[in-house]
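Here is a short report on one protein chain. Keep the sequence and the 3D view open while reading.

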Amino acid sequence: MTQPIKYVKAPGRILIVGFGSIGQGLLPLILRHIDISPKNICIITADDRGREEADKLGIRFIEMPLTRKNYQSELMPLLGKNDFLVNLSVDVSSIALIEFCQARGARYLDTCIEPWAGGYTDPSKSFAARSNYALRERVLALKDKYRGGPTAVVAQGANPGMVSHLVKQALMNLQQDILGTYIEPKSREDWAKLAHDLNIEVIHIAERDTQVAHQAKAMDEFVNTWSCDGFVSEGAQPAELGWGTHEKHFPRDGGRHEEGCGAAIYLKRPGATVKVRTWTPNYGHFHGFLITHNEAISIADFFTLKQEGKLVYRPTCHYAYHPCDDAVMSLHEFNGKNFQMQSRQRLMRDEIVSGMDELGVLLAGHKKNAYWYGSQLSIEEARALAPFNGATSLQVTSAALAGIVWALENPNAGVVESDEMDYRRNLEIMGPYLGPVVGEYTDWTPLYQRGELFPEDVDDDYAWQFKNVRV
């Protein structure tokens with residue numbers, strides 16, 4: 001990367017809202033790959049984290065928390081026609097910022113759909129109202145309103161985001177290996193037909209973070225390799241998953257949504273307490289947390305196949321996340337405090353001494369059983385590839401970079417999800433930053449070694465039932 005590619009020229013300014021680990025890691029990638037002067041980039045964020053990194057790169061830094069009351073007045077002088085707002089904040093409404101950008105003629109990208117502060121955990125709201133499903137439905141309602149308007153890319157980080165593009169490439173690989181063809185689908189319905197023809201019953205976003213720091217987690221401290229606030233917020237939401245047509249056992253604590261696309265269900269428990277079984281090539285099988293994520297819903301929805309209005313096919317899709325060991329300990333302590341955040345938070349980056357973030361998609365149920373496709377990025381390689389990044393952040397920041405480039409290349413696409421974008425272009429831009437990108441088959445199923453020490457209630461006839469996957 002001695003001569004980095006300038007993928008596109010920015011026609012206006014870039015405003016970054018929120019500057020935690022992802023903002024700090026994305027900024028050098030923007031400067032490296034987008035033709036823009038540092039004087040045309042500005043950061044507005046709630047605290048002084050990242051000020052040193054911004055100063056090193058000559059970027060204007062504004063410390064100002066955005067609220068319902070002040071966001072328009074604060075952003076008005078910073079954002080206009082042909083500018084670009086990159087939303088990497090927490091507790092700032094994505095929908096409010098999307099609508100603000102549309103009114104200003106500016107483009108937009110976020111890595112997840114955020115509500116205003118308290119929206120994830122308001123006890124006065126129902127489980128369904130606190131879900132990512134509900135947030136996504138509100139964003140989708142903007143598509144017709146802003147059709148043909150400035151491009152607004154929603155939920156384009158590593159996951160959600162990168163994983164939607166990985167799913168499509170994995171399906172192409174499976175098509176070649178199982179069906180002996182390599183014909184790219186032309187439409188959303190064609191993609192759903194391909195997944196149906198391959199008999200993809202399950203799609204896990206299977207992630208195992210093995211990074212270790214020289215400084216161990218302390219008591220009353222939350223430690224993570226990406227946002228502590230973001231992880232706690234989504235962990236406190238109800239667990240959610242796309243619900244497949246092959247499922248025969250509806251969860252006792254499950255709930256269905258009365259409105260919207262109907263592609264997902266929720267569990268009446270926070271995701272930080274729900275575990276599932278999954279598999280990655282480097283680590284093997286393990287228990288991960290079923291943390292709610294937008295991609296669990298959007299992927300299941302994208303690959304839904306209907307005929308004459310009747311549901312024919314949909315895969316079950318959900319996140320299965322084992323964070324780094326110190327983050328697991330932090331989550332256990334958080335759960336033990338009845339979902340109250342610890343008094344101190346620490347983002348692991350420079351103190352990490354070893355490990356990788358193995359993040360990919362596990363497609364299962366087909367003739368070859370299961371296939372994992374994804375990134376195996378080590379901390380050593382991440383540091384060599386980009387400043388201010390670790391393995392976890394670089395997977396997110398490279399995907400956000402790809403989303404920004406795609407939006408600038410497709411400037412009037414309106415409101416767009418990752419699943420609707422060109423997966424090849426996104427993977428082309430992300431690829432140099434993902435470390436080894438591998439595909440591997442496995443004969444593992446969630447029935448492996450079950451019932452050997454104690455009897456278990458499993459469905460022996462249908463291995464890839466969620467009943468078997470859930471711990």
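**Annotated domains**

UniProt, in an unreviewed entry, places the feature "domain: Saccharopine dehydrogenase-like C-terminal" at residues 157-438. The model shown here is predicted. In this model, residues 157-438 are 33% helix and 31% strand. The end C-alpha atoms of that span lie 19 Å apart.

A second domain record covers another part of the chain. For "domain: Saccharopine dehydrogenase NADP binding", also from an unreviewed entry, UniProt lists residues 14-153. Over residues 14-153 the chain is 34% helix and 18% strand. Here the end C-alpha atoms are 15 Å apart.

**Salt bridges**

How many salt bridges does a search of the whole structure find? The count is 25. Three of the pairs are set out below.

| Pair | Closest N to O distance |
|---|---|
| Lys145 and Glu99 | 2.8 Å |
| Glu184 and Arg424 | 3.5 Å |
| Arg470 and Asp253 | 2.8 Å |

Start with Lys145 and Glu99, whose side chains meet in a salt bridge. Lys145 lies in helix H6 (residues 142-145) and Glu99 in helix H4 (residues 94-104), so the pair ties together parts that are 46 residues apart in sequence. Lys145 counts as exposed, at 55% relative accessibility. Glu99 is partly exposed, with a relative accessible area of 26%.

Next come Glu184 and Arg424, also joined by a salt bridge. This pair links distant parts of the chain, 240 residues apart. Glu184 sits in the loop between helix H7 (162-179) and helix H8 (188-197), while Arg424 is in helix H14 (residues 423-430). Glu184 has a relative accessible area of 23% and is partly exposed. Arg424 counts as partly exposed too, at 47% relative accessibility.

In the third pair, Arg470 forms a salt bridge with Asp253. Arg470 belongs to the segment after helix H15 (466-469), and Asp253 to the loop between strand E12 (238-242) and strand E13 (254-256). The two residues are 217 apart, so they too link distant parts of the chain. Are Arg470 and Asp253 buried or exposed? Arg470 counts as buried at 17% relative accessibility. Asp253 is buried as well, with a relative accessible area of 18%.

Salt bridges also form a network, which links Arg136, Arg188, Asp301 and Glu417.

**An open pocket**

Arg470 and Asp253 turn up again in the lining of the second largest pocket. That pocket has a volume of about 300 Å³. Its lining also includes His249, Phe250, Pro251, Arg252, Arg277 and Arg450. Asp457, Phe466, Lys467 and Val471 are lining residues too. By class, the lining has 4 nonpolar, 1 polar and 7 charged residues.

**Closed cavities**

Rolling a probe the size of a water molecule over the atoms shows where empty space is left. The count comes to 2 cavities of 30 Å³ or more.

The largest cavity has a volume of about 40 Å³. Which residues line the largest cavity? They are Ser21, Thr225, Leu347, Met348, Arg349, Gly390 and Ser393. These lining residues divide into 2 nonpolar, 4 polar and 1 charged.

The second largest cavity holds about 30 Å³ of space. Among its lining residues are Val154, Ala155, Pro160, Gly161 and Ser164. Glu417, Ser418 and Asp419 also line it. Glu417 is one of the residues in the salt-bridge network. Helix H10 (residues 294-302) gives the largest share of this lining, 3 residues. The lining divides into 3 nonpolar, 5 polar and 3 charged residues.

**Cysteines**

How many disulfides does a search of the whole structure find? The answer is 0. Cys42 is in no disulfide, and its nearest cysteine sulfur, that of Cys101, is 14 Å away. A disulfide needs the two sulfur atoms within 2.5 Å. Cys101 is likewise in no disulfide, with the sulfur of Cys42 as its nearest, 14 Å away. Cys42 is buried, with a relative accessible area of 9%. Cys101 counts as buried at 1% relative accessibility.

Methods. Residues numbered from 1 in each chain as written. Predicted model: local features only at pLDDT ≥ 70, side-chain atom pairs only at ≥ 80, totals over all residues. Heavy atoms only, no water. UniProt positions renumbered as here; feature names shortened; annotations may be inferred. Helix = DSSP H or I, 4+ residues; strand = E, 2+ residues; numbered from the N terminus. 1 Å grid on protein atoms, 1.4 Å probe; cavity = no way out; pocket = protein on both sides within 12 Å on 5 of 7 lines; lining within 4 Å. Points joined across faces, edges and corners; volume = space filled by probe spheres on them. Nonpolar A, V, L, I, M, F, W, Y, C, P; charged D, E, K, R; others polar. Buried < 20%, exposed > 50% of the residue type's maximum accessible area, 1.4 Å probe, protein only. Salt bridge = Lys/Arg side-chain N within 4 Å of Asp/Glu carboxyl O.
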